[in-house]
Amino acid sequence: VQLQASGGGSVKAGDSLTLSCAASGRTAGYYALGWFRQAPGKGREIVATMSESGTSTYYIDSIKGRFTISEDNARRVVYLRMNSLKSEDTAVYYCAARSTRGGRWSRPNYWGQGTLVTVSS
């Protein structure tokens, strides 16, 4: 499984940005996809995840109502639409895959390379 993230950049507070993560390999039905981030000087935290069926999502409180995770299942691409960005959203964002067979988001099975999002106030 390979994950290729893209879409990061430098924006101003209040702007929007959409991250994409293309998954290749045997992922359909085997892995759920999600997004994590790591802010400067902090640990990596989960941001948003989607169930393997695509019917349920999870968001951390700090981004609820502003970020939306979605998936193009046919293309096996997961997106993170980020609206009303704040300076505290500045981080390297990573996509990750969790096995549907006993996998946990506390320890994803695969990571993509990070994409940097910088929000200036």
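G54 makes a handy starting point: with a relative accessible area of 32%, this glycine is partly exposed. The model is a predicted one, so every value here is computed, and "partly exposed" simply means falling between the 20% and 50% cut-offs. G54 sits in the loop that runs between β5 (44-50) and β6. Along the sequence, G54 and L33 are 21 residues apart, yet in space their C-alpha atoms lie 9.4 Å from each other.

Now for the sheet. Four strands make up an open sheet, and reading across it gives the order β1-β3-β8-β7, with antiparallel pairing. At the edges are β1 (2-6) and β7, each of which has a pairing partner on one side only. Ignoring direction, neighbouring strands of this sheet are turned against each other by 15° on average.

Walking across the sheet from β1, the pairing goes like this. β1 and β3 are joined in the antiparallel sense by five bridges, and one of the residue pairs is Q4 with its bridge partner A22 in β3. Next come β3 and β8, again antiparallel, with six bridges. Here T18 stands opposite R81 of β8, while A22 faces V77 of β8. A22 therefore turns up twice, as the partner of Q4 and as the residue opposite V77, with bridges counted towards strand pairing. The last step is from β8 (residues 77-82) to β7, an antiparallel pairing over six bridges. In that pairing S70 has Y79 of β8 as its bridge partner, and E71 stands opposite V78.

What lies between β7 and β8? The two strands form a hairpin with four residues between them, and R76 in the turn has a positive phi of about 55°. That is worth a second look, because most residues other than glycine have a negative phi. R76 belongs to the loop between β7 and β8, and at 6% relative accessibility it counts as buried, because the cut-off is 20%. S84 is another residue other than glycine with a positive phi, in this case near 50°. S84 is found in the loop between β8 and β9. Is S84 buried or partly exposed? Its relative accessibility is 40%, so S84 counts as partly exposed.

Another link comes from a pair of cysteines. A disulfide is a covalent bond between the sulfur atoms of two cysteines. The count in this model is one disulfide, and it joins C21 to C95, with an S to S distance of 2.1 Å. The pair ties together distant parts of the chain: C21 is in strand β3 (residues 17-24) and C95 is in strand β9 (residues 91-99), 74 residues apart. About the S-S bond the angle is 60°, making the link of C21 and C95 right-handed. How accessible are the two ends of the link? C21 is buried, with a relative accessible area of 1%, and C95 is buried with a relative accessible area of 1% too.

Then there is the nonpolar core. The largest one has 29 residues, and those touching the most other members are W35, V47, F67, I69, L80, M82 and Y93. Which elements give two or more residues to this core? They are β1, β3, β4 (31-38), β5, β7, β8, β9 and β11 (115-120). Y93 shows what those contacts look like for a single residue. Leaving out residues up to four places away in sequence, Y93 touches several members of that list, among them W35, V47, F67, L80 and M82. Its contacts also include L19, F36, R37, Q113, G114, T115 and V117.

One last residue to look at is R66, an arginine in the loop between β6 (57-59) and β7 (67-72). Although R66 lies in a loop, it counts as buried at 10% relative accessibility. What does the side chain of R66 make a polar contact with? The partner is the side chain of D89, at 2.7 Å. Setting aside neighbours within four places in sequence, R66 is in contact with R81, M82, N83, S84, L85, K86 and D89. Some of these names have come up already: R81 is the residue T18 stands opposite in β8, M82 is one of the core residues touching the most other members, and S84 is the loop residue with a positive phi.

Conventions
Residues numbered from 1 in each chain as written. Predicted model: local features only at pLDDT ≥ 70, side-chain atom pairs only at ≥ 80, totals over all residues. Heavy atoms only, no water. Buried < 20%, exposed > 50% of the residue type's maximum accessible area, 1.4 Å probe, protein only. Polar contact = N/O pair within 3.5 Å; in protein donor to acceptor, adjacent residues only side chain to side chain. Contact = heavy atoms within 4.5 Å. Disulfide = S-S within 2.5 Å. Axes fitted to C-alpha atoms, helices over the stretch in contact; angles between N-to-C directions. Core = buried A, V, L, I, M, F, W, Y, C linked by side-chain atoms within 4.5 Å.
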